[in-house]
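Welcome! Take a moment to look over the sequence and the fold, and then let us walk through them together, starting from a single residue and working outwards.

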Amino acid sequence: EGDYIVREGRPPRAMHAVLSGKVRVTRQVGEEQEEVLIQLGGPGFWFGDYAVFAGVNSIGSIVADTAVATLALTVKEFERIVADEPSHFRAFVDLMFERYADLFRYLAESHGLAPEEWLRTRLIDHAAVMRRDNPAIDAGVITLSQTELAAMMGVWRQTLSTLRGRLEARGIISVGFRSIRVLG
């Protein structure tokens, strides 16, 4: 817990799939190079793929949020797989395109939706990703702290609390200790 698996700005060594545990995706921003939370990932979450595919330094850091086990596919192993069987490359590209589409939509929603609606869509998406990556979990329950969710949304905790309260009053979510259940 707390160890860096990938450090921003360093050459890629491998791409990883989380087998157990939870990781934080962070990126440094601003003159102070403050590290901001971008996303959390659990079992089934892949990371490090961009740097491996592009052959560039890592564009963000991956930090173990809990004890984590990953499957590591080194750069050499990746290159061997796609050289030996080029049709496998498509599966790797699909992974990146899926992430690209999500990020493009998030950017548009962050500018085009009211904050309450953007929070709603982020919660629904987070629940869907968790369900896709780990079908054995309770699909509607998101285990994020208010601080983590506020960081992912780019808002203050007090603002998030207000937005979360509105969604709860509308019957869209129910809030528990370090968890949110998406109801609709």
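## A starting point: Arg13

Find Arg13 in the loop between strand S1 (4-6) and S2. This is a predicted model, and in it Arg13 is exposed, with a relative accessible area of 65%. Its partners from beyond four places in sequence are Ile5, Thr74 and Val75.

How far apart in space are Arg13 and Leu73, C-alpha to C-alpha? The two are 60 residues apart in sequence, yet 8.5 Å separates them in space.

## The whole protein

Now step back to the full picture. The protein has six helices and ten strands, and its C-alpha trace spans about 55 × 40 × 35 Å along the principal axes. A compact globule of 184 residues would have a radius of gyration near 16 Å, and the 17 Å of this protein agrees with that. Of contacts between residues at least 6 apart in sequence, 65% join residues at least 24 apart.

Buried residues account for 36% of the 184 residues. The accessible surface comes to about 10,600 Å², and carbon and sulfur atoms hold 56% of that surface. As for charge, there are 21 positive and 24 negative side chains, with the centres of the two sets lying 3 Å apart.

## Helix H2 and its two sides

Helix H2 covers residues 75-84, and its buried residues are Val75, Phe78 and Val82. Seen down the axis of H2, these buried residues fall within an arc of 65 degrees, so they line one face of the helix. The spacing helps to make sense of this: an α-helix has 3.6 residues a turn, so residues three or four places apart point the same way.

What do the buried residues of H2 pack against? Their partners are strand S2 (14-20), helix H1 (49-54), strand S7 (69-74) and helix H3 (89-112). On the other side of H2 you will find Lys76, Ala83 and Asp84, which are exposed. Val75 also links back to our starting point, as it is in contact with Arg13.

## Three loop residues to visit

Is Lys22 buried or exposed? Lys22, in the loop between S2 and strand S3 (23-29), has a relative accessible area of 18% and is therefore buried, the cut-off being under 20%. Beyond four places in sequence, its contacts include Leu40, Gly41 and Gly42, the run from Val63 to Val68, and also Thr143 and Glu148.

Ser58 sits in the loop between H1 and strand S6 (61-64) and is buried too, with a relative accessible area of 11%. Outside its own stretch of sequence, Ser58 touches Val6, Arg7, Glu8, Gly9, Arg10 and Ala51. Gln33 belongs to the loop between S3 and strand S4 (34-41). Gln33 is partly exposed, at a relative accessible area of 41%. Its phi is near 55 degrees, a positive value in a residue other than glycine.

## Towards the end of the chain

Our last stop is Ser179, in strand S10 (residues 179-182). Which residues does Ser179 contact, leaving aside neighbours within four places in sequence? They are Val141, Ile142, Thr143, Leu144 and Ser174. One of these, Leu144, is 35 residues from Ser179 along the chain, and the C-alpha atoms of the pair are separated by 5.7 Å. Thr143 may look familiar, as it is also in contact with Lys22.

Terms used
Residues numbered from 1 in each chain as written. Predicted model: local features only at pLDDT ≥ 70, side-chain atom pairs only at ≥ 80, totals over all residues. Heavy atoms only, no water. Helix = DSSP H or I, 4+ residues; strand = E, 2+ residues; numbered from the N terminus. Rg over C-alpha atoms; globule rule 2.2 N^0.38 Å. Buried < 20%, exposed > 50% of the residue type's maximum accessible area, 1.4 Å probe, protein only. Contact = heavy atoms within 4.5 Å. Areas by Shrake-Rupley, 256 points an atom, 1.4 Å probe, with all protein chains shown as cover. Lys, Arg positive; Asp, Glu negative; His and termini not counted. Charge placed at Lys NZ, Arg CZ, Asp CG, Glu CD. Arc of directions from axis to C-beta.
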